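Welcome, and thanks for taking a look at this model with us. Please open the sequence and the structure side by side, and we will walk through them together.

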Amino acid sequence: MRTFKMGGIHPKENKLSAGKKAEIALIPTQAIIPLGHYLGAPSTALVAKGDLVKVGQMIGQASGFVSANVHSSVSGKVLKIDDYIDASGYKRPAVFIDVDGDEWLETIDRTNEIKRECMLSAAEIIKKIISAGIVGLGGATFPTHIKLLIPDGKKANVLVINGIECEPYLTCDHQLMLEKGEEILVGVSILMKAINVTRAIVGVENNKKDAISNLQKLAKSFSGIEIAPLQIKYPQGSEKQLVEATTGRQIPSGSLPLEVGAVVQNVATAYAVYEAVQKNKPLFERIITITGKSMMQQSNFWVRLGTPLANVVNQAGGIPDDTGKIVAGGPMMGRSLSTLEVAVAKGTAGVLFIPTFESARKKMQNCIRCAKCVTNCPMGLEPYLLMKQSENTMWTEMEINRVMDCIECGCCSFTCPSNRPLLDHIRFGKMTVGKIIRSRKNP
Amino acid sequence: MNLILISLLTLLIVGALSAIILFFVSKKFEVFEDPRINVVEAALPLANCGACGFPGCRGFANACVKADTLENLICPVGGRPTMEKVAAILGKTAPEVSPLIAVVRCGGTCELRPRSNQYDGVSSCAIAHNLYGGETGCSWGCLGLGDCVVSCKFDAIYINPETLLPEVDEEKCTSCGACVKACPKLIIELRKKGPASHRIFVNCINEDKGAVSKKACSVSCIGCSKCSKECAFDAITIKNNLAYIDSEKCTLCGKCVDVCPTTAIVEINK
């Protein structure tokens, strides 16, 4: 079985919620729909205070190229458009909607019937994706249409679909592949049409055997879609590692996958594309995992975007008593939450409750030059060196040592026997070097 | 014996030749350096902090000697006495400087600003700021991880263990501005020291709406504009729910201190 060559680690999988059927989360009494995404410019609000909105109605218009439309996930009355304090403690603009009933836009096809035929042209497909506000649902929330609009002079010849879910604990993509396998594959063939390729590879890690066999069975009736079971290794879900694992092509430093003719999309994105193109349903719902070792029940949920996380967590059984840390996303790359009064956003893959005995950081010790971080870095960097340079503000040297190639996967910090906070320092250095590079480009 | 003699002679000749060449080269390429630069440099504090904007004290001395007037050339560390010495050496007049001091504009102590979460990452304000708003509901306030303390070359700023906020030692602070640059939240400001260190300032930089900031911290500025109405000298401006006192216009009358409902305006060394 294939995988990527350099580095990588094997954290304990802990996929506790695997195979749990995704329940429908309750619709909240008030939805807070953020107008900004993690990546790109926030969209401009199209509604005003007091307006009545329906489910699926566009309430935020993309305000630039790297930006996406925002749709209402509930029906009701707009309470206000105001800043709300998100999990990081900073203000973001959001639309607050008081929910009243559940009235959908008439254009949305709510039947469960699977529509396989798509007669639209590539340009029409992309137009629909733009209007549905689809962003990469793997976590980075990069607007999907940008990846599909291939610049002149470049040509894609393979579509790589990311069904890896290499983060421990998370099972939302896994569950989606089990429950909506056919829809995903229709979405994949629509995406293939949009970028005009005849071959697609769906990479799935081998710890999801049921999903692999499900997709393989379904893929027989689709032309050009190959399901590739891959060896289990973190961070295989990263774009560059995935392209190498599935196609054997290595992406040069500082380039995008398109450089080697590949376009990467997540399975959840493919599903969202299916719904947008075939069912006229914009992106206002996603599947998230609520899990943790001390949780009474492990669960996956279909959640309307904008639902406060606290609501979903309550439905899943509440916060366990011994919780030391609450993480949005997986344990490797997720971010700690300071409050649960945060709305589910397009990029929220799950909530993880880490018990106290696992949550505290261990005491940092001196670097013993064992080079474990170097061996395990999937990008071939020298994390121990970058950390030292970041501490000593040696930005030029960091740039020479290719800090911008860091994918912030956390393999270095995970593997360090001296518990050194390598990634914390490298991430800070990467941010600073990035600023320097940008200021050099447009002074 | 012969061998030793030959080698000694060779060395001698090579040495002598090199000396002659070096002598002429040094004459030919001699760089004239104003001897006053050394004298001026000796009069400076020699902290090499870079607060003057030049690379170290020698760079500043060089600039002082070359400049026609000493205007805009101020050593913030030495202040007026040092500049007078420099002026005496160079026969120029020293510029007027009003002494400045670093002011930490956050009053959110542990009791007044309740903690809502716990940060256990790397002890660096810059890194924590990059991650999130901080351990309290106020995303503007001091993180208390001490980047300013690390940046200070004069040992003039320290974290008070009771309040967990940085405090400036008025005797030691030279207003070099290193802490101002180090603080990622832009809390520290260089302000006029005032007569006998008597000064009034808004001890908060929270730009949230009044209700939000008040909830997070009981001594935050809520932007009620009572102070700006009270001020007879137009020294107080309200912008983004936050008052700011212009130290140039402030006459230290203290009226704003009395009207502030949240005690966010602080008067010290009255």
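Is N241(B) buried or exposed, and how many other C-beta atoms lie within 10 Å? Let us begin with that residue; please keep in mind throughout that the model is predicted.

## Two unusual backbone angles in chain B

N241(B) falls between the two extremes: it is partly exposed, because 18 other C-beta atoms lie within 10 Å, whereas a buried residue would need 20 or more. You will find N241(B) in the loop that connects strand 6 (236-239) with strand 7 (242-245) of chain B. Its backbone deserves a look too, since the phi of N241(B) is positive, near 60 degrees, and the residue is not a glycine.

T263(B) is another non-glycine residue with a positive phi, here about 50 degrees. Its place is the loop between helix 10 (255-259) and strand 8 (265-268) of chain B. T263(B) has 13 other C-beta atoms within 10 Å and is therefore partly exposed, given that the exposed class ends at 12 or fewer.

## How chain B is divided

Chain B has a domain 1 (35-90) and a domain 2 (100-268). Their C-alpha centres are 31 Å apart. Where they touch, domain 1 of chain B supplies 5 residues and domain 2 of chain B supplies 7 residues. On the domain 1 side of this contact the residues are 5 nonpolar, with no polar and no charged ones.

Within chain B, helix 3 (residues 56-66) is a pleasant element to inspect. Its buried residues include C57(B), F60(B), A61(B), C64(B) and V65(B). Looking down the axis of helix 3 of chain B, you see the buried residues fall within an arc of 135 degrees, so they line one face of the helix. An α-helix has 3.6 residues a turn, so residues three or four places apart point the same way. The buried residues of helix 3 of chain B pack against two other helices of the chain, helix 2 (35-43) and helix 4 (79-90).

## How chain A is divided

Chain A is split into domain 1 (1-24 + 110-360), domain 2 (25-99) and domain 3 (372-441). Between the C-alpha centres of domain 1 of chain A and domain 3 of chain A there are 27 Å. Their contact involves 13 residues of domain 1 of chain A and 15 residues of domain 3 of chain A. The domain 1 side of it consists of 7 nonpolar and 6 polar residues, with no charged ones.

One more local feature of chain A is worth a stop: the peptide bond between Y234(A) and P235(A) is cis, with omega about 0 degrees. P235(A) sits in the loop between strand 11 (225-230) and helix 6 (239-247) of chain A.

## An open sheet in chain A

Chain A contains an open sheet of 4 strands in the order 2-8-7-4, with antiparallel pairing. Strand 2 and strand 4 (52-53) of chain A are the edge strands; each has a single partner strand, so one side of each is left without a neighbour in the sheet.

Strand 8 (residues 91-99) of chain A pairs with strand 2 (residues 30-34) of chain A over 5 bridges, in the antiparallel sense. In this region P34(A) stands opposite A94(A). Strand 7 (residues 76-85) of chain A is also antiparallel to strand 8 of chain A, and 9 bridges join the two. Here D82(A) has A94(A) as its bridge partner, while D83(A) stands opposite P93(A). Strands 7 and 8 of chain A make a hairpin with 5 residues between them, and G89(A) in the turn has a positive phi of about 90 degrees.

## Cores and the chain contact

The largest nonpolar core holds 120 residues, and I33(A), L159(A), V188(A) and V273(A) have the most contacts inside it. Leaving aside residues up to four places away in sequence, L159(A) touches V188(A), L191(A), M192(A), I195(A), V197(A), A200(A), V263(A) and Q265(A). A second, separate core has 61 residues, among them L44(B), I188(B), A243(B) and C250(B).

Finally, where the chains meet, 12 residues of chain A are in contact with 12 residues of chain B. The chain A side of that contact is made up of 5 nonpolar, 5 polar and 2 charged residues.

Conventions:
Residues numbered from 1 in each chain as written. Chains lettered and ligands numbered in written order. Predicted model: local features only at pLDDT ≥ 70, side-chain atom pairs only at ≥ 80, totals over all residues. Nonpolar A, V, L, I, M, F, W, Y, C, P; charged D, E, K, R; others polar. Domains from an automatic or database assignment. Pairing = 2+ DSSP bridges. Core = buried A, V, L, I, M, F, W, Y, C linked by C-beta atoms within 7 Å. Arc of directions from axis to C-beta.
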